[in-house]
Amino acid sequence: MPVIIYTEHSEESIKKSSLEAISYGVALAAKLNTEAISLVVGQTNVNLASLGEYGVKKVIHADDSTINSSDNQCMTTIINNAASKFNADTIIFSNTISAKGIAPRLSVKMKAGMVSGAVSLPDITNGFVVKKNVFSGKAFADINILSNKKIITLNSNAFEISKTGGEATIEKLEVQKLTSSLKITAVHKIEGEIPLAEADKVVSAGRGMKGPENWGMIEELAKLLGAATACSRPVSDSDWRPHHEHVGQTGLSIAPNLYIAVGISGAIQHLAGVNRSKTIVVINKDPEAPFFKSADYGIVGDAFDVVPKIIAAVKAL
Ligand SMILES: Cc1cc2nc3c(=O)[nH]c(=O)nc-3n(C[C@H](O)[C@H](O)[C@H](O)COP(=O)(O)OP(=O)(O)OC[C@H]3O[C@@H](n4cnc5c(N)ncnc54)[C@H](O)[C@@H]3O)c2cc1C
């Protein structure tokens, strides 16, 4: 029974977190002695055969122009139909906002045990034990999925993308008339910014910036580094920055390779959304700021002195 990997895309590219999920699904399928299939829903300009480079031999493509990928109910129906048609009993998602809406619905439809936020491949020596983050990343839990059907959502940056080479065949999936109790009235796309959830580097700032008028240097540093911008919750609550930049327990959970925190105290609720970052750099004028305990590098200093110096140094490089 094959493993299906739900593969998210923009119109022009496959999301990095989905490539990680494909590599994970391919490795899992090898362990289970079965085949890994990528499922792509919606129209895209991506050459889907090239997903074969990541180890899948087949891509199922539901490209009906009427599909609205923001409608989680319809997406669940499509993935459920694909699972039945291809007799798949394991579905892999990357742990994205879409997956958070779709995977639990699919779990009910398929009667599948589900683990969200997996951080490594299942141990199948005695059951099907999946390791996941719990308590906002402070601990791990090993969950044994007992049902025959299984759903896993994989944390971003938890599994390396691996290229094996090759081309995949593409099989179209007919989409039956979809019904939904939801009506999507508008979708507002954020244009021209590096999407925070996908960003490799993030420059984030907090209340230490004093006011929205001081964000110019944060944006400049982010632009120079090719980074996305983020902020603490009080900053977005005060409308200094848009809500889609808010990271933490009640905001986005991110795991970039580099997270630079400027004027953020490091409250536990903030750390919950960023402590999976690979390298954390903290800039704070208070040497006792709790964030320094989680930092790989710390600069004790006034952001208004330090950040311009970093900008000048990056420009010089
Ligand atoms: C249920 C709940 C959920 C929450 N969820 C979130 C969440 O998702 N995300 C989140 O961020 N918070 C969340 N919070 C709020 C959280 O507890 C903190 O209040 C918040 O993170 C603090 O934001 P801050 O660090 O920007 O501000 P502050 O705590 O005010 O810290 C500002 C920091 O800036 C430093 N500073 C000041 N001036 C300068 C300067 N010139 N140069 C350098 N440093 C300077 C100060 O030393 C201080 O450390 C939540 C709280 C609750 C109760």
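On a 1 Å grid over the protein atoms alone, a pocket is an open set of points with protein on both sides within 12 Å along at least five of seven lines, whereas a cavity is a set of points where a 1.4 Å probe fits but cannot get out; lining residues have an atom within 4 Å of a point. The model on screen is predicted, so that local features need pLDDT of at least 70 and side-chain atom pairs count only at pLDDT 80 or more, while totals for chains, interfaces and linings use all residues. Residues are numbered from 1 along each chain as its sequence is written, and side-chain values use heavy atoms, with hydrogens and water left out.

Select the ligand first. The ligand sits in the second largest pocket, where sitting requires that more than half of a molecule's atoms lie within 2 Å of the grid points. Two or more residues of the shell around the ligand come from each of α5 (233–237), α6 (268–274) and α7 (303–316), the helices being DSSP runs of H or I with at least four residues and the strands runs of E with at least two.

Next, display the residues with a heavy atom within 4 Å of the ligand. There are 26 of them, and the closest are S232, T250, S265, Q269 and N284.

Now turn to the polar contacts, which are pairs of N or O atoms within 3.5 Å. At T250, a polar side-chain atom lies 2.8 Å from a nitrogen atom of the ligand, and at H270 a polar side-chain atom lies 2.8 Å from an oxygen atom of the ligand. K285 instead brings a backbone N or O atom to 3.2 Å from a ligand nitrogen atom. Taken alone, the ligand exposes 980 Å², of which the protein buries 76%, with areas from the Shrake-Rupley method and a 1.4 Å probe.

Colour the pocket lining next. The second largest pocket holds about 430 Å³ of space, a volume being the space filled by probe spheres set on grid points joined across faces, edges and corners. Its lining has 28 residues, with R207, S232, G263, I264 and S265 nearest the centre, and at least two lining residues come from each of α5, α6, β13 (279–284) and α7.

Finally, move to the largest cavity, which encloses about 110 Å³. Of the 13 residues that line this cavity, K16, S156, A197, E198 and A199 lie nearest its centre. Helix α1 (residues 16–31) gives the most to the lining, with three residues.

Notes:
Polar contact = N/O pair within 3.5 Å; in protein donor to acceptor, adjacent residues only side chain to side chain.
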